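Visitor: I am new to this structure, and I would like a close look at a single part of it. Please choose one place to begin, and then follow the connections outward from there.

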Amino acid sequence: MSGSRSEPARTRVLTDRQRLAWLRLIRSENVGPVTFRALINHAGSAEAALEALPDLSRRGGKRTIRVASQADAEDEIEALDRLGGRLRALGEYGYPPLLRYVDGAPPLISVRGSDDCLAEEATIAMVGARNASLAGLKIAGEIAADLGAAGYTVVSGLARGIDAAAHRAALGSGTIAVMAGGIDVIYPSENRDLHWSILENNGAVISEMPLGWKPRSRDFPRRNRLISGVSLATVLIEAARGSGSLHTARFAADQNRDVLAVPGSPLDPRSEGGNRLIRDGATLVTSARDILESLGPRRPFPDLPPIEIEEPGQDTDPLKVRVADSDRGRVLSALGGAPVEIDELIRHTQLEARVIHVILLELELAGRLERHPGQKVSLIDGR
């Protein structure tokens with residue numbers, strides 16, 4: 001049940017110059033994965049998008065925007081190299097293939113460890129309580145070991161409790177740790193030895209954050225979205241109400257991945273989240289065999305077209321799209337604090353789609369727009 005062990009012929013590879021420009025763009029102020037794609041689609045390349053950033057942000061109402069410098073990008077690449085790491089771009093070998101199907105997948109990830117491990121499509125996420133019970137830790141280890149023996153790669157977040165137990169049990173078959181901070185920032189520090197064991201046993205560690213980035217509370221949901229995005233399915237073992245592990249399960253459902261949960265005692269608060277998931281439709285499992293039976297024969301993901309690396313834009317260069325101040329006014333008056341679908345915005349304003357997208361880019365780069373799942377947008381603070 002393993003994935004390809006040789007680099008696919010159709011894999012596209014960035015040139016060093018493109019990789020540097022991509023890194024500068026994604027590290028620039030107010031540029032996230034969705035904005036990154038929109039900028040390249042409009043400008044035709046990362047280099048052209050970098051040139052367009054100051055003007056676009058000014059149009060959106062922000063006088064200055066921090067554009068990542070070439071020196072800073074070069075320093076990050078060199079530091080990664082010294083660490084034994086590298087950047088992998090969307091569509092390159094070593095970029096987790098299932099992550100490509102996620103809306104707003106990061107254009108670049110930092111990687112340490114085995115590219116072969118990351119190229120696997122037979123991946124299952126295991127997440128759960130940090131303060132797990134002994135029974136929870138035991139079943140997590142048993143399931144992870146059995147999944148590994150069946151040819152699956154276990155994915156988790158290197159947290160205390162269930163995450164750590166799953167990683168340890170899957171060391172022999174290779175396991176992927178997704179970090180909330182930089183791949184050089186091991187959190188929690190008590191899992192430092194486990195981190196090194198993963199790398200020494202043909203596993204991998206990945207992150208979308210810059211080197212040296214210390215994780216904040218807001219970074220963990222981003223990490224959880226990658227955990228589920230890298231995986232065919234997510235298995236939950238013990239999670240209290242409001243647990244971050246439940247966020248991972250919700251992300252998995254949003255990404256059209258399977259969600260499974262191990263039931264627990266209704267008297268244990270750590271089981272409340274998993275039991276509620278089961279009540280709401282998650283598959284009840286108690287062993288790796290249950291998981292494999294639930295998944296059935298691996299359903300192939302539909303073929304996506306080859307990644308087009310910086311194809312030249314047509315007539316959609318944001319510097320060439322004519323946007324009148326009255327157009328911006330119509331969009332601003334239509335937007336508020338409640339998310340609305342972009343298609344609905346286009347219909348309501350009766351403006352061309354490309355004009356709407358440029359105005360949204362301007363507002364986002366100015367720090368005034370927030371994007372939501374389902375192609376929805378809203379104004380930050382409703383203004």
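Guide: In this predicted model, the second largest cavity is lined by Met179, Ala180, Glu208, Met209, Asp219, Arg222, Arg223 and Leu226. The space that lies in this second largest cavity comes to about 30 Å³, and its lining divides into four nonpolar residues, no polar ones and four charged ones. Cavities of 30 Å³ or more number two by the rule used here, and the other of them, the largest cavity, has a volume of about 70 Å³.

The linings of the two cavities have residues in common, among them Met179, Ala180 and Arg223. The largest cavity is also lined by Arg130, Gly157, Ala159, Gly181, Val185, Tyr187, Pro188, Pro215 and Phe220, and when its lining is sorted by class, there are eight nonpolar, two polar and two charged residues.

Met179 gives a way onward from the cavities, since this residue is also among the contacts of His195. His195 is found in helix α8, which spans residues 192–200, and with a relative accessibility of 1%, under the 20% cut-off, it counts as buried. Once neighbours within four places in sequence are set aside, the residues in contact with His195 are Arg112, Leu158, Met179, Ile183, Ile186 and Val205.

Helix α8 itself deserves a careful look. Its buried residues are Leu194, His195, Ile198 and Leu199; seen down the axis of α8, these fall within an arc of 140°, so they line one face of the helix. On the other side of α8, Asp193 and Glu200 are exposed. The buried residues of α8 pack against β2, α7 (162–169), β5 (175–178) and β6 (204–207), and after the helix comes Asn202, whose phi is positive, near 60°.

Strand β2, one of the elements that α8 packs against, covers residues 108–113 and is joined by five bridges to strand β1 (residues 85–89), with the two running antiparallel. Within this pair, Ser110 in β2 stands opposite Leu87. Strand β1 is mostly covered, as five of its five residues are buried, and this holds for both of its faces: Gly85, Leu87 and Ala89 are buried on one side, while Arg86 and Arg88 are buried on the other.

A second helix, α12, can be read in the way α8 was. In α12 (residues 288–295), the buried residues are Ala288, Ile291 and Leu295; looking down the axis of α12, one finds these residues within an arc of 60°, so they line one face of the helix. The face of α12 turned away from that buried side carries Arg289 and Glu293, which are exposed. Packed against the buried residues of α12 are β3 (123–128), α6 (134–149), β7 (233–237) and β8 (258–262), and the helix is followed by Gly296, which has a positive phi, near 65°.

From the enclosed spaces we can turn to an open one. The largest pocket has a volume of about 1,800 Å³, and of the 49 residues that line it, Gly32, Pro33, Val34, Gly104 and Arg371 are the closest to its centre. By class, this lining holds 21 nonpolar, 14 polar and 14 charged residues. At least two lining residues come from each of α2 (33–43), α9 (219–229), α10 (244–254), α15 (353–365), β11 (369–372) and β12 (376–379), with α2 supplying the largest share, seven residues.

Two of these contributors to the pocket, β11 and β12, also belong to an open sheet of three strands, which has the order β10-β12-β11 and antiparallel pairing. Its edge strands, each pairing on one side only, are β10 (340–341) and β11. Two bridges join β10 to β12, and in one of the pairings Val340 has Val377 of β12 as its bridge partner.

Another contributor, α10, is the helix in which Arg250 is found. The relative accessibility of Arg250 is 46%, which lies between the 20% and 50% cut-offs, so this residue counts as partly exposed. Arg250 and Gly212 are 38 residues apart in sequence, and their C-alpha atoms are 29 Å apart in space.

Conventions:
Residues are numbered from 1 along each chain as its sequence is written. This is a predicted model: local features need pLDDT of at least 70, side-chain atom pairs count only at pLDDT 80 or more; totals for chains, interfaces and linings use all residues. Side-chain values use heavy atoms; hydrogens and water are left out. On a 1 Å grid over the protein atoms alone, a cavity is a set of points where a 1.4 Å probe fits but cannot get out, and a pocket is an open set with protein on both sides within 12 Å along at least five of seven lines; lining residues have an atom within 4 Å of a point. Grid points are joined across faces, edges and corners, and a volume is the space filled by probe spheres set on the points. Helices (H or I, at least four residues) and strands (E, at least two) are DSSP runs, numbered from the N terminus. Ala, Val, Leu, Ile, Met, Phe, Trp, Tyr, Cys and Pro count as nonpolar, Asp, Glu, Lys and Arg as charged, and the others, Gly among them, as polar. Buried means under 20% relative accessible area, exposed over 50%, partly exposed in between (1.4 Å probe, protein chains only). The arc is that of the directions from the helix axis to the C-beta atoms. Contact means heavy atoms within 4.5 Å. Two strands pair if DSSP finds at least two bridges between them.
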